[in-house]
Amino acid sequence: MTSSSLSEFRKHFPATSKGIFTDVAQRGLIPTPVHDSITDYLTSRTDLSWNKEEAFNMVEDTRNTFASFINATPSEIAFTKNVSEGINLIAGAVSWNPGDKVILCPDLEHPANVLPWYNVCKLHGVEITAVDSSGGHFDLDRIASAINERTRVVSVSTVSFSPGFVTDVIGLADICRQRGVRLLVDAAQSVGILHTDVQKLQVDALAVATQKGLLSCYGSGFLYCSSDFAEELRPATLARFSVAAEEGSHETTLTDQQFQYAPAARRFDGGNYNYLGITGARSSLKLLSDIGTPIIETHVRRLSARLATGLLQIGLPVCGGTPGNHLGHIIAVGVSGGGRHYTAQDPAMNILHDRLVKNGVHLSIRKGVLRFSLHGYNNEEDIDQIIDIAASNR
Ligand SMILES: Cc1ncc(COP(=O)(O)O)c(C=O)c1O
């Protein structure tokens, strides 16, 4: 049943017949239903059949769908344009005092989860407590020891962009809760592939964009913010969908400064929506919900273990070694940290990368490693072909 639903799922991705696509950590494949819904949107704007009331209904339907996708309530979801915007919205809305601290592990983070915090340092006199990672992992003991009475926020990625290990978010949330610190996660690399339940994870906020595991467009994203956290946040920017509107109204008729923020995360909605991006995201969420992320995660973790084991057997330096809990959908090969954002210093890795690309494999180089990344549309054949190509001199 599972393997047949996964092979049905793969059929929605015409690009799977054009090569071996293992680069969702950069961007996912667009499935046909997403392509079609976006085309329909453009047609409706072209032939004047577009209706704004229906568009608002579509937006709310997408909010509801994403909320159930991650086990949140709809008012805990705001629409954003990317991960960076989601993190900036939270960072800009905390009532900071000079000397407050934010804990980060900059050596594992994408700039999206570093620069927003540098900005609050500059604007509000906040200080960053930088914690070293350990062997490519967020080190929970080090983070726990770094927390003090001035720490307000810990911000980590659920899966790092390189070397791509899965973070123990539940363990970290436990530490943060006990110490009265808010936990924000950059979930760019997990949502849509690894099952995400914010009630289980116990995070205060989660930012994601739709071009990777959510299989849709650039320039569209979601911000989850728990009601409890959101109610203490004051958005740095305000627009009409960020304020409490009268029942049944999408517009506000406010004429003075007596306003209330919209409930919970809705206060971050801002002005008009990215209807095109949200239309695409709605289609992909439907596709992903139909199959279910628990099934996708199990499948992808099995494929990752198969790839990591095969590459280890032919003598390649797979980061993290033998497959374990650290392995989600990203398999990294090379020296983690042995390169800049898009490069690897080791010539052997560049030669292997070029051979893989020449043979139709889509992958990335990130911070010294070859990064393979998988989704539900990958199958065993993809994995075995990659191992064959890596082992050969083709
Ligand atoms: C961990 C992580 N965070 C964030 C991003 C992207 O951030 P944004 O959506 O703001 O461009 C990426 C990849 O592009 C990423 O790997």
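**Overall dimensions.** I began with the radius of gyration of this predicted model, and for a chain of 394 residues I noted that a compact globule would be expected near 21 Å; the chain has 21 Å, so the two agree. I then took the extent along the principal axes, where the C-alpha atoms fill a box of roughly 70 × 55 × 35 Å. Looking at burial, I recorded that 46% of the 394 residues count as buried.

**Secondary structure and contacts.** I counted 13 helices and 12 strands in the chain. Turning to the contacts with a separation of 6 or more, I found that 73% of them join residues 24 or more positions apart.

**Domains.** I looked up how the chain is divided and noted domain 1 as 2-22 + 292-391, with domain 2 as 34-289. For the spacing I took the centres over C-alpha atoms, and the centres of domain 1 and domain 2 are separated by 27 Å. I next asked myself how many residues of each domain are in contact with the other. The entry reads 22 residues of domain 1 against 19 residues of domain 2.

On the side of domain 1 that touches domain 2, I listed helix H11 (293-313), strand E9 (330-334) and strand E12 (369-373), each of which supplies at least two residues. H11 gives the largest share of that side, namely five residues. By class, I sorted the residues on this side of domain 1 into seven nonpolar, 11 polar and four charged.

**Nonpolar core.** I then turned to the largest nonpolar core, which has 107 residues, and noted that Ile90, Ala205, Val208, Leu223, Tyr224 and Cys225 touch the most other members. Where does this core lie with respect to the two domains? Both domain 1 (2-22 + 292-391) and domain 2 (34-289) give residues to the core, and I therefore placed it between them.

I followed Val208 further, leaving aside its neighbours within four places in sequence, and found it in contact with Val83, Ala187, Ala188, Val191, Leu214, Gly221 and Phe222.

**Ligand shell.** Which residues stand around the ligand? I wrote down Asn82, Val83, Ser84, His110, Ala112 and Ser157, followed by Phe161, Asp186, Ala188, Gln189 and Ala209. By class, I put this shell at five nonpolar, five polar and one charged residues. Going back to my core notes, I marked Val83 and Ala188 as residues of the ligand shell that are also listed among the contacts of Val208.

Notes: Residues numbered from 1 in each chain as written. Predicted model: local features only at pLDDT ≥ 70, side-chain atom pairs only at ≥ 80, totals over all residues. Near = placed C-beta within 6 Å. Nonpolar A, V, L, I, M, F, W, Y, C, P; charged D, E, K, R; others polar. Core = buried A, V, L, I, M, F, W, Y, C linked by C-beta atoms within 7 Å. Buried ≥ 20, exposed ≤ 12 C-beta atoms within 10 Å, placed from the backbone. Domains from an automatic or database assignment. Contact = placed C-beta atoms within 7 Å. Helix = DSSP H or I, 4+ residues; strand = E, 2+ residues; numbered from the N terminus. Rg over C-alpha atoms; globule rule 2.2 N^0.38 Å.
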